[in-house]
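Subject: Structure for you to look at

Hello,

Here is the structure I said I would pass on. Please open it first, then read my notes below.

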Amino acid sequence: ASMLAFNFFFLPPVHTVTLIDQRDWFALAVYLATAILVSDLASRARRRTAEAEQREREAALLAELSLALLQGDETEAQLGRISEATANVLRVETAFVELGVPGEPLLGLRPLELRAGQRTVGTLYVDEDAELDRAAGRRFLPALASLLAVALDRERLQHEALAAERLRLSDSVKTTILRAVSHDLRSPLTAMRVAAESLASRSVRLNEEDKARQLDTVRHESARLDRLVANLLDLTRLEAGNTVSHRELVAVDEVVSQALAALASEERVRVDAPAEPLLIEVDAVQVERVLVNLLDNALKFSPPHGDVRVDISRDDRELVIRVSDDGPGLPDDELERVFEPFHTAGDGERRGSGLGLAIARGLAQANGGRVWAESHPGRGATFVLALPAAPRPVVLTA
């Protein structure tokens, strides 16, 4: 077009396409060759620019997907986003990715296999009449398949690692339980057997006081055994996440009284509570178990003639029960460790199974509460139970 315009406007005779001078033919030929060469160079530059932009889109998408998939996001949850981004990259109207072995063909869609080496990762479905850039398909689809394969392998290995860790922890817990049970179950059983044999033996003469003492031993050790079995069952439920709280409105002094009756040690416990009735909305049985474990721990670490103090108070949000003993207290590094299962801070006769405080914290959390320890070494320890307080009753006066 430029060559013809040049001939029409500038070469004599002007305003015609007729050429008189032979040199004009040469000029037009050079002009035409130059125009064709420049046009071809410009076309190549445009193609390379478009190809560079396409590669940039592909690289950006692959980098974004690799970041999302390798940071821990589930591959299945990212398929919608991957499909939409793939459609934009391939410049097709519809595209979606399906993981696994290709299934039945879909009407109006063309399946493209996503392969990473010899492995089929999934299938990319696009419009049946879509025209795909072959170079982009050969370059982008294998890269996408490899990225999906790496993400799926990572998830599989992560699940296997978690399963192996759960098995390891389960074996560790079972081993620890067996070690604890082998001693803590044997002690009360031995004490009850000795007491029962002494009562049943005809060769041993016991007065009424001795008989009462042996019966007290049987009752005390059977209650201790019952608490240990209950603790083991509670720990199993807490570890499995099967603890269910049936909450109801109860008076806190009633729950404390039931806990003291379960321990049969009311004479050593002093309770300081406000005169007004304090209500909590909790599972009464579970909170009673929490208090029994806290009180049992305090009685264990107090001197034989020492007292355990229970102070009950309330603020606008929480009802706080503080259980204090006169024992040796706890060092700062033990304030949290004592709530770990099977961790024991005592020694000798005061060394327990290490379950009571861990279960107390777990049951308190199941009821929306908290348990923590406070200590002044040499002056005893305090275990604090905080539970959500029920709204104060409204008193109507005439």
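What follows is a short tour, from the whole chain down to single residues.

Please keep in mind that this is a predicted model.

The whole chain

The protein chain has 398 residues, and 36% of them are buried. It holds nine helices and 10 strands. Its accessible surface comes to about 24200 Å². Carbon and sulfur atoms account for 55% of that surface. I also looked at contacts between residues at least 6 apart in sequence. Of these, 65% join residues at least 24 apart.

The three-stranded sheet

Start with the open sheet made by three strands. Their order is 1-3-2, and the pairing is antiparallel. Strand 1 (95-99) and strand 2 are the edge strands. Each has a single partner strand, so one side of each has no neighbour in the sheet. On average, neighbouring strands here are turned by 25° against each other, direction ignored.

Now take the pairs one at a time. Strand 2 covers residues 109-116, and strand 3 covers residues 119-127. Eight bridges join these two antiparallel strands. One place to look is leucine 114, whose bridge partner in strand 3 is glycine 122. The two strands form a hairpin, with two residues between them. Glycine 117 sits in the turn and has a positive phi of about 70°.

Strand 1 and strand 3 are also antiparallel, and five bridges pair them. Here alanine 95 has valine 126 of strand 3 as its bridge partner.

Next, find helix 3 (residues 79-90). Helix 3 lies across strand 1 and strand 3. It runs at about 135° to strand 1.

The nonpolar cores

In soluble globular proteins, nonpolar side chains tend to be buried together. Which residues have the most contacts inside the largest nonpolar core? They are Leu294, Leu295, Ile321, Phe383 and Leu385, in a core of 46 residues. Helix 8 (residues 284-301) gives the most to this core, with nine residues.

Leucine 385 is worth a click. Set aside its neighbours within four places in sequence. Leucine 385 is then in contact with Val287, Val290, Leu291, Leu294, Leu319, Val320, Ile321, Ala364, Arg370 and Val371.

There is also a second, separate core of 27 residues. Leu65, Leu112, Ala116 and Leu144 are among them.

Best wishes

How values were computed. Residues are numbered from 1 along each chain as its sequence is written. This is a predicted model: local features need pLDDT of at least 70, side-chain atom pairs count only at pLDDT 80 or more; totals for chains, interfaces and linings use all residues. Side-chain values use heavy atoms; hydrogens and water are left out. Two strands pair if DSSP finds at least two bridges between them. Helices (H or I, at least four residues) and strands (E, at least two) are DSSP runs, numbered from the N terminus. A nonpolar core is a set of buried Ala, Val, Leu, Ile, Met, Phe, Trp, Tyr and Cys residues joined through side-chain atoms within 4.5 Å. Buried means under 20% relative accessible area, exposed over 50%, partly exposed in between (1.4 Å probe, protein chains only). Contact means heavy atoms within 4.5 Å. Axes are lines fitted to C-alpha atoms, for helices over the stretch in contact, and angles run from 0 to 180 degrees between N-to-C directions. Accessible areas come from the Shrake-Rupley method with a 1.4 Å probe; for residues, only the protein chains shown count as cover.
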